[in-house]
Amino acid sequence: MEVVVASSVGVLTAAGVYLILRMRAFPVIIGLSLLTYAVNVFLFSTGRLAINAPPVLNKYADVPYSDPLPQALVLTAIVISFGMTAVLVMIALGAYLEADHDRIDMGEDEAEAAEKESGA
Amino acid sequence: MSNSSSLLPIIAILPFLGALIPGVMIRAGRTACATFTALPTLIALVMLAVLAPQVLQGGVVQTEIAWLPQLGLSVAFFLDGLGLLFAAMILGVGLLITLYARYYLSGEDPMGQFYVYLLLFQGAMLGIVISDNILLLLIFWELTSLSSFLLIGYWKHLPEGRQGARMALAVTGAGGLAMIGGMLILGDIAGSYNLTDILDQGEAIRASEWYLPALVLILLGAFTKSAQFPFHFWLPHAMAAPTPVSAYLHSATMVKAGVFLMARMWPVLSGTEAWFYIVSIVGLVTMVLGALIALFKDDLKALLAFSTVSHLGLLTMLLGFGTDKAAVAAVFHIINHLTFKAALFMTAGIVDHETHTRDIKRLGGLAKFMPVTALIGTVAALSMAGIPFFNGFLSKEMMLEEASHTGWFGNPWIVPALATLGALLSVAYSLRFIFHVFAGPPRDDYPAKPHDPPFGMYAAPALLCVLVMLIGILPWVAEPVVTVAASAVTGADLHPHLKIWHGVTPALFMSIVAVLGGAVLLAIHRPLDRAWQDAPRPEAKVIFDALVGGAAGLARRVSEALHDGAISRYLAIFVVATVALGAIAVFDGGLAPATRALLPIPPVAAAGWLLLIGATALIVVNHRNRFRALVLLGVIGLMISGGFVYLSAPDLALTQISVETVTIMLLLLALHFMPKHSPRESAPARRLRDGAIAVIAGGGVATLAMMFLTRDFSSISEFHLANSYKGGGGTNVVNVILVDFRGYDTYGEIIVLGIAGLTIYALMEALLNGPAARRLRARDFSRDRSRDRHPLMMVVGTRAMLPIATMVGIYIFLRGHNQPGGGFVAGLVISIALLMQYMASGFGWTQTRKRIEYHLMIGWGVVIAGLTGAAAWLFGEPFLTSTFGYVHWPPIEEFELASAMAFDLGVFLTVLGAVMLMLYSLSRIARYAGESVNVEPMDYDPSLKRNIKTPREDG
């Protein structure tokens, strides 16, 4: 099972990194989502893997529990990363509507304009 | 003898409190403003006078308030002789400057602002001299740099003022940075950051191998602050400040901070060869050089500035000698220099104020027009020259005496000769100040008709001149202060006797040579001046500007190389650098053998893994088709939720699957307004490079995960498992951690989420008021629109779902403390139920039926969570301490009520509000994109007869 989790994290990371290196906003957002999955699973797995041992206390029997702390951390991370994705989507959408393209680098003319602005 | 007094921190805080007043009081008039500026200074001065007797009897007043004891930082103050001397100087001169500035500043200058800056500076300076903790001292030290920046650049409209302020800040700030390093080393050697502890450990510090670095770093701070060669150049440029600032900062206080620090650290740092040679050489060179330049400056203030540089050099040199007598001379000269130099600056200000010029070549003969000013200026300048019966003479004699028996590298002549030369030049420029400004025939071409200023303006320098004469004729009046201050510097019990006549000593002859030589120099000043002006010499400002320009250029080249406007460039750098750091850490640290046995892989898990890997691979291949990528993203999210279920994380599975739903909805909405395809842009080589980076990163992370997954570890979770039920009253440990153990984190997180929601709303507002709105209106979306936008089945289905989903949400919320669930998940579930209404019947239709503002929901959520936490204060417990109890209402089974539940309610509301606000903002765009608002919940409603008619039949 460890191999499954580790390889999933690896593949998600690789795909995420590849996509955030693309030149358009949308693939970058998708890539970031993939990286979010990877990071969340990675953090979760720092508590080590356990099967049939949810961290919900059993009043009647002494049973093993999985590590609750990484789970609590990842739970908020999932929600926060949704907020982050939403902000990012909004910015990307705004940039697209303002500039009429969703390239994430500056074109030649834009770079020149920015240069002029900072020089002035 | 050491006493504690609560007056000391009050003295320290008074100027800062006082700084709040002038800005308000200026509305009541200039005099009222000046009065209220003087008030805190006066109170502090009185308090100081209350403490003074104890200190003068050799005691030390101390007080300490712990601030950050873990860092060794405490608000500790102490007042010994040296501190008393400086504090009295800072407050006393501050008072005089307040008076002087009242008359000096014109009606157009914002006087309230000036006094605010002045008091801020005064507070910072005072803090330096009475701090008993070197970290605290550093804070005040930086504050003086900042507040002096404001003061020097007070005349914002003058470019020289701005440039001078920037230069002063750059030089003293850089020195301050160096000093922080030195102080930290010092504290590390001594094992304490308390000054009194450090001062006790002189021998250990001098013996330490870190002594030299610490010394050099601290001296850098002191030399830059006190304008020692080669950092002297900022002081003349800071003269662009209004004259009261120059008189205060550049004669009495800020530039003396460096000298103060050297005096303060004298018991610890002095007494070594390094100290002796570095400090005395820098001091002597500065003294001679400053005096030489001063002689050829035509600007009155520039002359005084370089003379200050020269006198600061003199003080530095004396401290560098490292003998007790030199320390006494230094302390005495600090007092004397303060009196005559502040008076001289104020005189220069008066001359400038009345004649509208400070150019010596355009002045002369002023004695006839402004006799009082001339008298004040002459007295002060004679003291600066070191003429008998003025106080400058006394300390200069002591300095020459010390110089006469100090040798460098075995050469007994060089120090006395140079010191005499410095004194000689000092006489020359002092006499020039008198003869070329006040004496000589009256002229008729002054830019303005000169006359004496009102009493208020010359009162301050006149008072200082009285002190000059008093100390000059009756030196013993200064003896008590000099005694305690010098004893505090040296740490020894000194009993110096200050007197005018020391007998026939080498110093007497050196003095005579200096005075005569100075007079001769003045007589031949004209040809000398011509030669000086023609001679080539390095211009400090040009060098400084070139240095700054070079550094800025280098920084720009580096950042442009790394940060070229394409996010992919620095993301690539970031990824590679991170992997490299991780690799170094792994190969450097070594690895313990694997201890955990691998868990088996059941077929279901294998199938899920295949789906996940397959979907990920397909995303990479198909990412140009954005819609397809989104669908695949959903598959991955689903697999991960399943993984959480299998790996004993039910809470995560619930959260993941509901977040997944909301995320996909959000992305779908956004995609509606964006291009549906990404063009193929990067060249194959580029894609290969990115692929390689991606594989390296993925491989690195997978290896790392595998490494720790196969090894055991110890965690603090045992505590949470053991105390979740006993302490938090819940059996779902994850939820108890969220709302109880780590409640503070969660509180922060919901605030972040709320801010994200509001940010999106604000972004949308800005967007819809800009050119984007026009572009949206112009775009034609009709092609994408479905003929049946609000399908009957969906409307009916979601309506039926709403109460059920709400019930499920409430159930999940209520059981969250004991079973998987809780506020986060409940908020997401209910927001999905609501979003479905938007999807089914359209934005406009749903919006008109909404009763609660989502902003309010976020606000209430945060407030409820915060109040729940704060309620613990009522019971004397720390923030967010939870409590719980069991309630039994007869028909219902016994149930638990925990205060954490109210906190979870806050979480629930915030999550719901934020998620709804985010999607609401996005869907609002649709209105701008020309989407019509439907009146009915669905396009075809069989229950209404008129809907049976279609438009075509109408026609």
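Helix axes here are lines fitted to C-alpha atoms over the stretch in contact, and the angle between two of them runs from 0 to 180 degrees between N-to-C directions. Welcome to this predicted model; let's take it step by step.

Q: How are H1(A) and helix H27 of chain B oriented towards each other?
A: H1(A) and H27(B), which spans residues 603-622, pack with their axes 10 Å apart. The angle between them is about 10°, and angles under 35 degrees count as roughly parallel. The two helices are therefore roughly parallel to each other.

Q: How many nonpolar residues take part in the contact of H1(A) with H27(B)?
A: On the chain A side, the residues that meet H27(B) include Val4(A), Val11(A) and Leu12(A). Facing them in H27(B) are residues including Ala605(B), Trp609(B) and Leu612(B). The contact has no charged residues and 2 polar ones, while the nonpolar count is 12.

Q: Which helix supplies the largest share of the side of chain A that touches chain B?
A: Across the two chains, 77 residues of chain A are in contact with 96 residues of chain B. Helices H1 (2-20), H2 (25-45) and H3 (68-99) of chain A each supply at least two residues of that side of chain A. The largest share amounts to 24 residues and comes from H3(A).

Q: What pattern does chain A follow along its sequence?
A: Chain A has 4 helices and 0 strands. Of its 120 residues, 59% count as buried. Read along the sequence, the pattern is α-α-α-α.

Q: Why is helix H32 of chain B largely enclosed by the rest of the structure?
A: The helix runs over residues 733-741, and its buried residues include Val733(B), Asn735(B) and Asp740(B). What covers them includes H3 of chain A, together with H29, H31, H33 and H39 of chain B. The helix is largely enclosed because the number of its residues that are buried is 9 of the 9.

Q: Which residue in the turn between E2(B) and E3(B) has a positive phi?
A: Strands E2 (residues 60-68) and E3 (residues 73-79) of chain B pair in the antiparallel sense over 7 bridges. One of the residues with a bridge partner is Leu68(B), which is matched with Leu73(B) in E3(B). The two strands form a hairpin with 4 residues between them, and the turn residue with a phi of about 75° is Gly72(B).

Q: Which helix gives the largest share of the largest nonpolar core?
A: This core holds 203 residues, and those touching the most other members include Tyr100(B), Ile152(B) and Ala330(B). Tyr100(B) itself touches Pro244(B), Met346(B), Met457(B) and Ala460(B), leaving aside residues up to four places away in sequence. The largest share of the core is 18 residues, supplied by residues 324-355 of chain B, helix H17.

Q: How many residues are in the second, separate core?
A: Members of this core come from both chains, with Ala6(A) and Leu21(A) among them alongside Ala670(B) and Val736(B). Val736(B) is also one of the buried residues of H32(B). The size of this second core is 133 residues.

Q: Is Leu382(B) buried or exposed?
A: Leu382(B) is found in helix H18 (residues 371-385) of chain B. Leaving aside residues up to four places away in sequence, Leu382(B) touches Ile387(B), Phe390(B) and Ser430(B). A residue needs 20 or more other C-beta atoms within 10 Å to count as buried. Leu382(B) has 24, so Leu382(B) is buried.

Definitions and conventions
Residues numbered from 1 in each chain as written. Chains lettered and ligands numbered in written order. Predicted model: local features only at pLDDT ≥ 70, side-chain atom pairs only at ≥ 80, totals over all residues. Contact = placed C-beta atoms within 7 Å. Buried ≥ 20, exposed ≤ 12 C-beta atoms within 10 Å, placed from the backbone. Pairing = 2+ DSSP bridges. Core = buried A, V, L, I, M, F, W, Y, C linked by C-beta atoms within 7 Å. Parallel < 35°, antiparallel > 145°, perpendicular 65-115°, else oblique. Nonpolar A, V, L, I, M, F, W, Y, C, P; charged D, E, K, R; others polar.
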